[in-house]
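This report goes through the helices, the loops and the packing of one protein chain. The sequence and the model come before the details.

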Amino acid sequence: MGEVVQMHFTTVDYVIFALLLVASAGIGLFYAFSGGRQRTTQEFLMADRSMSCLPVSLSLLATFQSAVAILGAPSEVYTFGTEYWFLGCSYFLGLLIPAHVFIPVFYRLRLSSAYEYLELRFNKTVRICGTATFIFQMVIYMGVVLYAPALALNAVTGFDLWGAVLAMGLVCTLYTALGGLKAVMWTDVFQTVVMFAGQLAVIVVGTSQAGGIAEVWRKAINGSRISGLDLNPNPLERHTFWTLGVGGVFLMLALYGVNQAQVQRYLSSRTEKEAVMSCYVVFPCQQVVLCLGCLMGLVMFARYGEDSPLDKGYVTTNDQMVLYFVMDVFRDLPGLPGLFVACLFSGALSTISSAFNSLATVTMEDLIKPHFPNMTESKATLLSKGLALGYGLVCLAMAYIASIMGSMLQAAFSIFGMVGGPLLGLFCLGMFFPWANPIGAVVGLVSGLVMAFWIGIGSFVMRMSVPTPAPALNATALPLFDNITTTVMTTTVKSAGVKALYSLSYMWYSAHNSATVVVVGLIVSLLTGPMKEKELTPGTVYPVLGTLLFFLPDRYREKLCCITPLAQKVTSYFHLFPLLFVFQYLCFQ
């Protein structure tokens with residue numbers, strides 16, 4: 001193994017990278033000094049509920065399309081082939097269910113924090129448990145998202161590690177604390193455009209150097225990188241159609257259904273109809289993002305074949321392979337490496353700023369306002385800005401902790417995946433099962449978290465003790481989810497009994513953990529006295545059971561609380577979905 005090869009930025013590259021940071025900060029300053037000047041918590045945290053469909057859609061897309069994803073998807077396809085493409089199948093239900101179930105419930109209750117719902121449906125204790133779980137999840141996640149791309153950049157280009165971390169962290173903190181949600185969403189729009197431009201530039205130039213798209217495809221087929229439809233139902237297999245297409249639905253629901261960062265965007269829409277439509281607009285954008293990531297992986301394979309930079313020792317981890325490839329392809333094209341690094345850091349900025357804003361919102365709405373109901377609007381707004389600033393500094397501290405964690409960095413990634421599933425289960429328990437009570441909700445959430453950490457840590461320990469033949473992915477295999485659990489969950493050991501659980505595909509994590517919360521929550525609720533219909537807050541239950549159990553007499557349905565209607569219907573967009581199927585089919589051809 002040779003030493004890691006370093007390539008260097010030109011002045012033009014530095015200028016393009018600096019322009020990204022200046023433009024992002026400029027958008028934040030613009031919203032700090034225009035409009036209502038962020039003088040109210042409604043404007044600062046909820047953008048005055050005045051956003052149109054396009055910025056909401058692109059912001060939804062950018063929030064979890066982070067730098068870890070931009071680095072991870074191509075190296076996943078380069079290493080394992082295009083099986084990963086089938087994740088696109090999970091986007092149908094993964095966006096359709098939030099559009100027609102979660103958005104109508106949240107929007108009609110006029111919430112600011114998703115966790116307000118938990119108090120309306122259960123009680124204050126459940127709300128605080130949900131909020132604390134979310135804060136724990138996002139604080140750990142922020143440091144890793146900030147540190148991982150800076151580390152890869154430093155290894156490949158020699159770009160100053162802490163200079164990059166500080167530049168990103170401080171710019172993000174500045175525009176989020178000054179400009180509020182409007183600034184976050186409009187910088188997301190700008191950063192999404194930069195992300196697409198950077199990835200497209202790499203694909204176009206790389207394909208041209210490889211001899212054209214036909215040559216890229218030929219080499220991919222010869223190298224067995226074009227995967228067929230794997231219908232193996234074994235949940236221990238890392239990637240099959242079922243793990244990606246079905247297990248992926250639960251990951252999408254955890255992200256697009258109940259995560260505060262996304263719920264806040266829906267709630268900032270002008271109307272419920274626009275909030276629903278934004279989910280539909282995200283769908284083709286997600287397909288394009290998936291295709292770009294997969295194409296870049298195939299172009300990488302066309303350039304290097306089986307003789308990867310990792311095997312040659314030019315880089316030390318899969319994280320760094322994409323950046324090495326970009327610097328290699330753009331070696332004689334000054335400015336383009338800077339564009340791709342701007343694309344990479346746009347992903348990190350959009351994710352981190354969304355985290356700051358959502359954390360400030362839940363802390364303000366769930367932990368502070370209930371205890372200080374008479375706080376003046378100006379004080380509340382100033383405190384919200386202070387919270388966004390404080391979380392920015394916490395993020396920099398977490399990046400430092402991530403830097404000294406070494407291999408535990410992989411465990412930190414997995415925590416995000418382990419917490420998302422139980423939170424999804426908690427919301428599903430409240431929304432779909434009217435008889436679920438507060439005790440069942442708390443015991444279910446704790447059970448889901450215990451199960452998640454048990455399997456996650458067990459899998460991590462097993463992976464550390466048993467060598468695996470396939471190269472471990474240190475970056476992501478899941479663009480929208482930032483791979484948060486890939487590294488820890490990819491062990492191929494197949495053991496009997498409890499050990500088999502440790503080999504569960506990371507794509508089933510969300511489904512398994514949310515199901516644990518629902519099952520335990522329902523059993524405990526039935527044992528401790530189920531809730532009655534008159535105890536429910538109107539509008540907090542989605543009447544799916546009433547529809548499924550239509551054949552039961554009314555008196556039985558009433559006992560199951562299955563007859564509570566959800567007021568006001570929103571326009572349905574189901575008729576658009578055949579077009580979306582056609583779109584995905586064309587993308588995959």
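Helices (H or I, at least four residues) and strands (E, at least two) are taken here as DSSP runs, numbered from the N terminus. With these assignments, Thr537 sits in the loop that joins α21 (509–528) to α22 (544–548). The model is predicted: local features need pLDDT of at least 70, side-chain atom pairs count only at pLDDT 80 or more, and totals for chains, interfaces and linings use all residues. Residues are numbered from 1 along each chain as its sequence is written, and side-chain values use heavy atoms, with hydrogens and water left out.

**The chain as a whole**

The protein chain contains 24 helices and zero strands. Of its 589 residues, 62% are buried (under 20% relative accessible area; exposed is over 50% and partly exposed is in between, with a 1.4 Å probe and protein chains only). Its accessible surface, by the Shrake-Rupley method with a 1.4 Å probe, is about 21,000 Å², and carbon and sulfur atoms hold 69% of that area. Contact means heavy atoms within 4.5 Å. Among contacts in the chain with a separation of 6 or more, 86% join residues 24 or more positions apart.

**Two helices of 33 residues**

The expected span of a helix is 1.5 Å times one less than its number of residues. The table sets this value beside the distance between the end C-alpha atoms.

| Helix | Residues | Expected span | End C-alpha distance |
|---|---|---|---|
| α12 | 272–304 | 48 Å | 49 Å |
| α15 | 336–368 | 48 Å | 46 Å |

For α12 the two values agree, and for α15 they agree as well. Both helices are mostly covered: 26 of the 33 residues in α12 are buried, and 30 of the 33 in α15. Gly305 follows α12 and has a positive phi, near 60 degrees.

**Packing of α14 on α15**

Two packed helices are described by the angle between their axes and the distance between the axes. The axes, which are lines fitted to C-alpha atoms over the stretch in contact, give angles from 0 to 180 degrees between N-to-C directions. Helix α14 (residues 318–329) and α15 have axes that come within 9 Å and cross at roughly 155 degrees. The pair is therefore roughly antiparallel, a term for angles over 145 degrees. Their crossing is right-handed, meaning that the near helix is turned clockwise from the far one by less than a right angle. On the α14 side, Val322, Leu323, Val326 and Met327 meet Pro337, Phe340, Val341 and Leu344 of α15.

**Loop residues**

Thr82 belongs to the loop between α4 (67–80) and α5 (90–108). Thr82 is buried, at a relative accessible area of 1%. Leaving aside residues up to four places away in sequence, Thr82 touches Val77, Arg225, Ile226, Ser227 and Leu298.

Thr240 is in the loop between α9 (213–222) and α10 (241–256). Its relative accessible area is 0%, so Thr240 is also buried. With the same exclusion of residues up to four places away, Thr240 touches Glu83, Asp230 and Asn232.

Arg110, in the loop between α5 and α6 (114–121), is partly exposed at 49% relative accessibility. The phi of Arg110 is near 55 degrees, a positive value in a residue other than glycine.

Thr537 is likewise partly exposed, at 28% relative accessibility. Its C-alpha atom is separated by 6.2 Å from that of Leu120, although the two residues are 417 apart along the chain.

Technical notes
Parallel < 35°, antiparallel > 145°, perpendicular 65-115°, else oblique.
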